[in-house]
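Please open the model in a viewer and keep the sequence panel visible. The tour proceeds by selection, with a short account of what is found at each stop.

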Amino acid sequence: MIQWHHKTTGYSGIYEKTVNTFRKADLVDVSLGFRKFGMQRARLKDITKTYPRLGFHKFLIRRLISNLFRHPLRPLPMFRI
């Protein structure tokens with residue numbers, strides 16, 4: 001599950017339901033809710049209140065910029081296709 005939860009396309013295999021649940025949750029989080037997979041906006045707001053982002057996206061932007069210069073063809077190495 002840990003190896004494939006950053007996969008950008010659907011996963012099929014052992015633990016498919018668990019991996020895809022975490023994969024979708026990660027995409028909802030990293031996209032600030034732009035990618036919701038059918039989740040209602042009110043539910044997303046409730047989750048964000050319960051679990052605030054606390055600088056997570058600032059961290060992602062810093063890593064993106066840093067990796068962009070080192071690896072311009074693969075700036076986000078954690079994502080898998």
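The stops below cover two pockets, a histidine and an aromatic pair. The model is a predicted one.

**First stop: the largest pocket**

Select Ala25, Val28, Asp29, Leu44 and Ile47, the residues that lie nearest the centre of the largest pocket. They belong to a lining of 15 residues, and the pocket has a volume of about 340 Å³. Two elements, helix H1 (16–30) and helix H2 (41–50), give two or more residues to this lining. Colour H1 next, since the largest share of the lining, 4 residues, comes from H1. Colouring by class should show 9 nonpolar, 2 polar and 4 charged residues around the largest pocket.

**Second stop: the second largest pocket**

Now select Val30, Phe56, Leu60, Met78 and Phe79, which lie nearest the centre of the second largest pocket. This pocket holds about 260 Å³ of space and is lined by 17 residues. H1 and helix H3 (56–70) each supply at least two residues of the lining. The largest share, 6 residues, comes from H3. By class, the lining of the second largest pocket has 10 nonpolar, 3 polar and 4 charged residues.

**Third stop: His5**

Move to the segment before H1 and select His5. Is His5 buried or exposed? His5 is buried, because its relative accessible area of 18% falls under the 20% limit for that class. Which side chains make polar contacts with the side chain of His5? One is that of His6, at 3.4 Å; another is that of Asp26, at 3.3 Å. To see the surroundings of His5, display Val19, Phe22, Arg23 and Asp26, with which His5 is in contact when its neighbours within four places in sequence are left aside. Asp26 thus appears both in this list of contacts and in a polar contact with His5.

**Fourth stop: the aromatic pair**

The structure holds 1 aromatic pair. Select Trp4 and Tyr11, whose ring centres are 6.2 Å apart and whose planes meet at 25 degrees. Why does the pair of Trp4 and Tyr11 count as stacked? The angle of 25 degrees between the planes is under the 30 degrees required, so the pair is classed as stacked. With both residues still selected, switch to a surface view. Trp4 is partly exposed, with a relative accessible area of 28%, whereas Tyr11 is buried, with a relative accessible area of 14%.

Notes:
Residues numbered from 1 in each chain as written. Predicted model: local features only at pLDDT ≥ 70, side-chain atom pairs only at ≥ 80, totals over all residues. Heavy atoms only, no water. 1 Å grid on protein atoms, 1.4 Å probe; cavity = no way out; pocket = protein on both sides within 12 Å on 5 of 7 lines; lining within 4 Å. Points joined across faces, edges and corners; volume = space filled by probe spheres on them. Nonpolar A, V, L, I, M, F, W, Y, C, P; charged D, E, K, R; others polar. Buried < 20%, exposed > 50% of the residue type's maximum accessible area, 1.4 Å probe, protein only. Polar contact = N/O pair within 3.5 Å; in protein donor to acceptor, adjacent residues only side chain to side chain. Contact = heavy atoms within 4.5 Å. Phe/Tyr/Trp six-rings, centres within 6.5 Å; stacked < 30°, edge-to-face > 60°.
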